[in-house]
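Thank you all for coming. I would like to take you through one model this morning, beginning with a sheet and ending with the shell around a ligand.

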Amino acid sequence: MQILTPHVYWAQRHGEIFLRVELSDAKNLDINLQENNTLHFRALGHGAKGENEYKFSLEFLEPVRPEINHKSTQRQVDIKVKKREERWWDRLTLQEKKPVFLAPDFDRWLDESDAEMELQAKEEAKINKISVESRVRQDPYLGLKKGYLFMYNLVQFLGFSWIFVNMTVRLFILGQDSFYDTFHTTADMMYFCQMMAVLEIINPLLGLVKTGFFPAMIQVSGRNTILFVIFGSLEEMQNKAVVFFVFYLWSTIEIFRYPFYMLACIGTEWKLLTWLRYTLWIPLYPLGSIAEAVAVIQSLPIFDESSLFSLPLPAVMGHSLSFSYVLQLYLVLMFLGLFINFRHLYKQRRRRYRSRKRKVH
Ligand SMILES: CCCCCCCCCCCCC/C=C/C(=O)SCCNC(=O)CCNC(=O)[C@H](O)C(C)(C)COP(=O)(O)OP(=O)(O)OC[C@H]1O[C@@H](n2cnc3c(N)ncnc32)[C@H](O)[C@@H]1OP(=O)(O)O
């Protein structure tokens, strides 16, 4: 029996060397690493020249770890050697001239940048796994919280969709006439949704969502002042066209915002929906504020005439202070609130798209 050299194919990663020896049904394997950083292989098997003893030696370009993993299959012998230092090698062997029996393993072959990307992807997957595991371990009620938020967002989405569709259909059928009875046809649902929206102030306080407490407070208390105090308590306001604009602007953003949150609860994202959630506020928020300011201004003479909610004053200062003065102060606060929330939403938008971009590159 003559001693032959098998075909050997190789590939590398930053930390490892892979060798594939073309020898089927290999027996009596003797694979060892000698002190001069040289791998010696010897085995009986079926190679290119039939059943024979095959052997080869490879002196590696840089130091490798002494432990060698190998696996013999019916078709080949796979050997894995760990590099002592994780870095890319220019070639496999110390001798510059490539041994004739050695060739690249194109099934495993990656160039340096592809291998770096593979390494990065592995690192990211490891980090994601650890962070998901630690989140689950840290919070045993995560499922319950997500379930509650999902249901909350679903109910709000259905409520605001009902308002939006109702108003749109009536607008198409009745035209401008539909402006004047918006309140009578949709107020009950709006009351329900906006009362529920108080949970949006409570949720960040309980740590259920990452929403800022102040922006949520400004949003909910601002809207509820308009809904319950201006529209709800003044019958004269309920027939005005401004109700249509306020309700339509509120519901337009909400039919995108709540489904966006619902998807976030189940770890999904639709790019178009995300874009709408973080973009529609740019025209809608100023328009909504103008509509709300018009409603407040229209209500001032009505509060003056009816003395509703007027504050009693000591006799020397006159009879009472009309609620319209409080509302004038509210108008100032409203533009302050608008500024705070506009800045908040702008930051959320920037954060969202900056982090997205970073993830992609
Ligand atoms: C007497 C009282 C006087 C007070 C004075 C008040 C003055 C008031 C003036 C106000 C004037 C307002 C006039 C305008 C009204 C209108 O609404 S017009 C229509 C247009 N409106 C809008 O576009 C605003 C819509 N509203 C909002 O966007 C919010 O309410 C917000 C609080 C202003 C901002 O939202 P925020 O939640 O902070 O941002 P997000 O990026 O969406 O969320 C942060 C993270 O939290 C997660 N999250 C939030 N809520 C939920 C939820 N319900 N369920 C699940 N998850 C939620 C969200 O996913 C984000 O997580 P990450 O993606 O991981 O960051």
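Let me begin at a single pair of residues: Gln34 stands opposite Thr38 in β5. Before going on, I should say that this is a predicted model, in which local features need pLDDT of at least 70 and side-chain atom pairs count only at pLDDT 80 or more, while totals for chains, interfaces and linings use all residues. Residues are numbered from 1 along each chain as its sequence is written.

A word on terms: helices (H or I, at least four residues) and strands (E, at least two) are DSSP runs, numbered from the N terminus, and two strands pair if DSSP finds at least two bridges between them. On that basis the chain has 10 helices and 11 strands.

Back to the sheet, where β4 and β5 run antiparallel and are joined by 7 bridges. The hairpin that these two strands make has 3 residues between them, and there Asn37 takes a positive phi near 70 degrees. The next pair, strand β5 (residues 38-47) and β6, is also antiparallel, with 10 bridges, one of the partnerships being Arg42 with Lys55 in β6. β5 and β6 form a hairpin too, with 2 residues between them. Strand β1 (residues 3-4), by contrast, pairs with strand β6 (residues 50-59) in the parallel sense over 2 bridges; there Ile3 stands opposite Glu53 and Leu4 stands opposite Tyr54.

Put together, these strands make an open sheet of 4 strands in the order β1-β6-β5-β4, with mixed pairing. Because β1 and β4 (24-34) stand at the edges with a single partner strand each, one side of each is left without a neighbour in the sheet.

Why does Gly47, which is in strand β5, count as buried? A residue is buried if 20 or more other C-beta atoms lie within 10 Å of its own, exposed if 12 or fewer, and partly exposed in between, with C-beta atoms placed from the backbone; Gly47 is buried because it has 20 other C-beta atoms within 10 Å. Taking contact to mean C-beta atoms, placed from the backbone, within 7 Å, and leaving aside neighbours within four places in sequence, Gly47 is in contact with Leu4, Pro6, Glu22, Leu23, Asn52 and Tyr54. Gly47 and Asp25 are 22 residues apart in sequence, and their C-alpha atoms are 9.2 Å apart.

Over the whole chain, 22% of the 361 residues count as buried. Of the contacts with a separation of 6 or more, 63% are between residues 24 or more positions apart.

Now to the helices, for which the expected span is 1.5 Å times one less than the number of residues. The 33 residues of α2 should therefore span 48 Å, and its end C-alpha atoms are 47 Å apart, which agrees. Buried in α2 are Tyr152, Asn153, Gln156, Phe157, Gly159, Phe160, Ile163 and Met167, and what covers the buried residues includes α3 (182-196), α4 (199-205) and α7. Asn153 counts as buried because it has 20 C-beta neighbours inside 10 Å. Beyond four places in sequence, Asn153 is in contact with Tyr258, Tyr261, Met262 and Cys265; the C-alpha atoms of Asn153 and Tyr258 are separated by 5.2 Å, although the two are 105 residues apart along the chain. Just after α2, Gly175 takes a positive phi of about 65 degrees.

Helix α5 (residues 213-231) passes a similar check, since its 19 residues should span 27 Å and its end C-alpha atoms are 26 Å apart, which agrees. Its buried residues include Pro215, Ala216, Ile218 and Gln219.

Which residues come nearest to the ligand? Among the 36 around it (C-beta atom, placed from the backbone, within 6 Å), they are Thr211, Gly222, Trp281, Gly288 and Gly337. The elements giving two or more residues to this shell are α2 (142-174), α5, α7 (241-265), α9 (281-306) and α10 (323-360).

Finally, the record: an unreviewed UniProt entry lists "transmembrane region" for residues 147-169, 189-209, 240-260, 280-303 and 323-346, and such annotations, given here in the numbering used for the model with shortened feature names, may be inferred rather than shown by experiment. In the model, residues 240-260 are 95% helix and 0% strand, with end C-alpha atoms 32 Å apart, while residues 280-303 are 96% helix and 0% strand, with their end C-alpha atoms 34 Å apart.

Conventions. Two residues are in contact if their C-beta atoms, placed from the backbone, lie within 7 Å.
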